[in-house]
Amino acid sequence: MISGLAWVGRGKSKTIPVKFEPTKEEIEKAKEHARNRHSLLSGAGDAMEEDDDDVMREFDLKNYDDDDNQLGDKNLIYEDDDIDVDLADEDEEDLDDITIRPTDAILLSVVANDEDDISHLDIYVYEEDSDNLYVHHDVLLTSYPLCVAWSDFNVSSPDSSDCCSFAAVGSFSPAIEIWNLDMIDCVDPAATLGKQKDKNTHTDAVMGLSWNSLKRNLIGSSSADKTVKIWDLSSQKCLQTFRHHSDKVQSLQWHPTEQAVIVSGSYDKTVKIVDVRAETSASSLSWNLPSDCESVLWNPIRPQFFFAACEDGKVMMFDAMKGGNSNPMWTLEAHAEKSITSFALHPSLPIFATGSDDHSVRIWDYSVEPKLLLKHHMGENVYSLAYMKESSHILAIGGEQNNMNIMSMLDIPSISPLFGVQQQQQQQDTSSSTTTSTETEESSN
């Protein structure tokens, strides 16, 4: 099952990734890290005991340290002095295979239990001009992943201005792993948020993650332990914990223009907005929903509005400026009597996509009242959706059977005209900007 997707900004990845070269000390450190993670899992609470047992069986963790020459039982890495780890010495053809070009789009996918019962983070390259998608490299995960978020904040060197690419992964483990995507064959995360004996660590699965695009060292997490936590990546410590929900917190997102505001949606059938500068969540705003919240997102075009996608198949849009408990602007029955399992907003057009366990992906126009533009049968439950920002007509779709699909809105007659209008508007904006600039130059002369 593809449980989470995230696009990486174009040009944000290293052209030639670094290949991890472990020392014996680093191998032992990685083993210790894995033991700590599973120890943390086993203490995560009674609600997760069954899942912990499944993880132990899946990865044969009872025999984790029986082999002296490898990390775990999945052949992650060998202590072999003959292995060539210098990418500069690779054959030209091999080097070409791993080179990431400026035009390449990078897509992150977290896969929970593939056909070999292994969970992993896949780093895809998508070549838009040839519609070619392939896995560039992957990272093996020891816990069932639930969500992924991307950032170019350098966790390893917070003061660095170098180009970098990192992914945060939330899973059944209470710890959050931050992986360096510019490193191949890496067996240990660049950072882990949540230590075994730290009272500020989540005590249950991490269900949602959101990196703050305005204050890039901050990341928010939501958990089955009913809390929302704010983390500082510079210090790798939890800054604040909010306990304003009474059930599992499935989803959260930072506001796109207000760096201290975050929205969260919970299985307690509420959406709440809180200013993280407040010492407590007593001042949070709240809205009631008809069922469990599966996803909550700010409107990227008019960010005073936010959307809530629900377990009963409904999507609702609210105006935050009207205050807590205000009525929704509209309510849409997107998937009758079926749960919405994935939800994605287009970055610059009034379009959103919904995925469901009714095996369909549906595209909606919400410029006025929501209107169905496309219903596409996928043949499997749909668990993740993500629009690419730079080429916003591209929608990535992840399914129950680990199938990755790329859909182009330009190929859909009912949708493609909207993108023509967008391109015309962009051209007009560019022309207007150029004219204004010329007039300014003339007046100054």
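## A walk through the predicted model

Let's begin with a pair of charged side chains: Asp 275 and Arg 277 form a salt bridge, and their closest N and O atoms are 2.6 Å apart. Keep in mind as you look that this is a predicted model. The two partners differ in how they meet the surroundings: Asp 275 is partly exposed, with a relative accessible area of 24%, whereas Arg 277 is exposed, at 65%.

This pair belongs to a set of eight salt bridges in the structure. Three other residues are worth finding together, since Lys 12, Asp 152 and Arg 216 are linked in a network of salt bridges. Asp 152 takes part in both of the contacts described here. Its bridge to Lys 12 has closest N and O atoms 3.2 Å apart. Asp 152 sits in the loop between strands S6 (145-151) and S7 (166-171), while Lys 12 sits in the loop between strands S1 (2-8) and S2 (18-19), so this bridge ties together parts that are 140 residues apart in sequence. On the other side, Arg 216 forms a salt bridge with Asp 152, with 3.1 Å between the closest N and O atoms. Arg 216 belongs to the loop between strands S11 (206-211) and S12 (218-223), so here the parts tied together are 64 residues apart in sequence. Lys 12 is partly exposed at 31% relative accessible area, and Arg 216 is also partly exposed, at 37%.

Now for a loop residue with little accessible surface. Ser 281 lies between strands S17 (270-275) and S18 (285-288). Why does Ser 281 count as buried? Its relative accessibility is 17%, and the cut-off for buried is under 20%. Ser 281 is 37 residues away from His 244 in sequence, yet their C-alpha atoms are 5.9 Å apart. Setting aside neighbours within four places in sequence, Ser 281 is in contact with Phe 242, Arg 243, His 244 and Val 274.

Next, move along the chain to strand S23 (residues 340-345). Five of its six residues are buried, so this strand is largely enclosed by the rest of the structure. S23 pairs with strand S24 (residues 351-356) in the antiparallel sense, over five bridges. The two strands form a hairpin with five residues between them, and within this pairing Phe 343 stands opposite Thr 354 of S24.

S24 also leads us to the largest nonpolar core. This core has 19 residues, and those with the most contacts inside it are Ile 363, Leu 395, Met 409 and Ile 415. Strands S24, S25 (360-365), S26 (371-377), S27 (382-387) and S28 (394-399) each supply at least two residues of the core, with the largest share, three residues, coming from S27. Ile 363 is a good place to center your view. Beyond its neighbours within four places in sequence, Ile 363 has contacts that include Phe 352, Leu 372, Leu 374, Tyr 387, Leu 395, Met 409 and Ile 415.

Finally, a look at the cysteines. How many disulfides does a search of the whole structure find? The search finds zero. Two cysteines you may want to locate are Cys 147, which is buried at 8% relative accessibility, and Cys 238, which is buried with a relative accessible area of 13%.

Conventions. Residues numbered from 1 in each chain as written. Predicted model: local features only at pLDDT ≥ 70, side-chain atom pairs only at ≥ 80, totals over all residues. Heavy atoms only, no water. Buried < 20%, exposed > 50% of the residue type's maximum accessible area, 1.4 Å probe, protein only. Helix = DSSP H or I, 4+ residues; strand = E, 2+ residues; numbered from the N terminus. Pairing = 2+ DSSP bridges. Core = buried A, V, L, I, M, F, W, Y, C linked by side-chain atoms within 4.5 Å. Contact = heavy atoms within 4.5 Å. Salt bridge = Lys/Arg side-chain N within 4 Å of Asp/Glu carboxyl O. Disulfide = S-S within 2.5 Å.
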